[in-house]
Amino acid sequence: MQNLTLNNGVTMPALGLGVFQSPPDETAAAVETALGLGYRHIDTAAAYANERQVGEGMRASGLDRDDVFLETKVWVSDYGTDETRHAFEKATRKLGVDTLDLLILHQPAPARWERTLAAYRALEGLLADGLVRAIGVSNFMPQHLARLLPEVDVVPAVNQIELHPYFQQTDVQKADTEAGILTQAWSPIGGITFYPGPWGERRSVLTDETLAALAASHGKSPAQIMLRWGVQQGRSVIPKSTNPTRIAENLDVFDFELSADELARIDALDTGVRSGPDPDAPRDDFFDRVIPEE
Ligand code: A2P
């Protein structure tokens, strides 16, 4: 496993298990399987409603708490000074841990900027108190970073954004790099391009011909090519799977290399079209969603 060093010196495994859309009743088994196979990084979120099951899977693995890099996210309805502090308490209670390795804001709330800022400052307080080892953001576009950075003391360690070959957000990657923020890819194998939902017709990146050709020439799968592309370019990737075979497949990306030309062929697949929600326009109902206490 390759490690990445965050801007505060904390190290994080480059590849972790994502659990977005992992049904709660399958999450504990997926986490236990992943940790048994050698994963040491799990990414969840209060809004995924499966933090409790992530904690169960961690305990079932038999690993020490310190052996696992645990990341979760504060949902927008919990933004605020006291609210975000309380969100940490809710998350750690559900996860069954005392501290978190990485706690990030799930997305900016541009129309409620003061609350976004208060939430980030609460993360800074948790960091100062030693309750989280690193803090960061998610779905922050360059304009959101430009608003945040002059107002805060701690540069986010991570910005987790939609990032797969069809949507690479090179402008965000550049803004992250300039600020010393590590870009973390959500949907790194493009699940968001084929998840069923209210999004209409989509083209699945998993069936892309260029990726299929690269996969064939390396004896790997398209998913493995995409993950290798991500880690080789220095990003953190957190593929989601609840299927044991695919969980194993997604970890098996450290025994081959893509050439500069192959990386460039993947770079050229960018469509510039987002599949996930627009971070500049969070829906009002996002703020009505209450994250339960238990
Ligand atoms: P499943 O959980 O049944 O494996 P992303 O993390 O990019 O959003 O992708 C997640 C989606 O991709 C899920 O639908 C997941 O389904 C599927 N998936 C995960 N790993 C693989 C793989 N190696 N090959 C094909 N599909 C995969």
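A polar contact is a pair of N or O atoms within 3.5 Å. The exercises below use this cut-off on a predicted model.

**Exercise 1. Polar contacts of the ligand**

Task: Find how far a polar side-chain atom of Lys240 lies from an oxygen atom of the ligand, and decide whether the pair is a polar contact.

Solution:
1. The polar side-chain atom of Lys240 and the ligand oxygen are 2.7 Å apart.
2. The cut-off is 3.5 Å, so the Lys240 pair is a polar contact.
3. For Ser187, a side-chain N or O atom is 2.7 Å from an oxygen atom of the ligand.
4. Gly191 takes part through its backbone: one of its backbone N or O atoms lies 2.9 Å from a ligand oxygen.
5. On its own the ligand has 570 Å² of accessible area, and the protein covers 85% of this.

**Exercise 2. The shell around the ligand**

Task: State how many residues surround the ligand, which of them come nearest, and which element gives the largest share.

Solution:
1. There are 17 residues around the ligand.
2. Those that come nearest are Ser187, Lys240, Ser241, Arg246 and Asn250.
3. Sorted by class, the shell holds 7 nonpolar, 7 polar and 3 charged residues.
4. Helix 9 (residues 244–251) supplies the largest share of the shell, with 3 residues.
5. As for location, the ligand sits in the largest pocket.

**Exercise 3. Thr183**

Task: Place Thr183 in an element, classify it as buried or exposed, and give the polar contact of its side chain with Asp176.

Solution:
1. Strand 9 (residues 182–186) contains Thr183.
2. Thr183 has a relative accessible area of 6%.
3. Buried means under 20%, therefore Thr183 is buried.
4. The side chains of Thr183 and Asp176 make a polar contact at 2.6 Å.

**Exercise 4. Asn139 and Ile225**

Task: For Asn139 and for Ile225, give the location, decide whether each is buried or exposed, and state one C-alpha separation for each.

Solution:
1. Asn139 is in the loop between strand 7 (135–138) and helix 5 (142–148).
2. The relative accessibility of Asn139 is 10%, so this residue counts as buried.
3. Asn139 and Ile161 are 22 residues apart along the chain, and their C-alpha atoms are separated by 4.8 Å.
4. Ile225 is in helix 8 (residues 222–232).
5. Ile225 is buried because its relative accessible area is 0%.
6. Between Ile225 and Glu71, 154 residues apart along the chain, the C-alpha separation is 24 Å.

How values were computed
Residues numbered from 1 in each chain as written. Predicted model: local features only at pLDDT ≥ 70, side-chain atom pairs only at ≥ 80, totals over all residues. Heavy atoms only, no water. Near = heavy atom within 4 Å. Polar contact = N/O pair within 3.5 Å; in protein donor to acceptor, adjacent residues only side chain to side chain. Areas by Shrake-Rupley, 256 points an atom, 1.4 Å probe, with all protein chains shown as cover. 1 Å grid on protein atoms, 1.4 Å probe; cavity = no way out; pocket = protein on both sides within 12 Å on 5 of 7 lines; lining within 4 Å. Sits in = over half its atoms within 2 Å of the grid points. Helix = DSSP H or I, 4+ residues; strand = E, 2+ residues; numbered from the N terminus. Nonpolar A, V, L, I, M, F, W, Y, C, P; charged D, E, K, R; others polar. Buried < 20%, exposed > 50% of the residue type's maximum accessible area, 1.4 Å probe, protein only.
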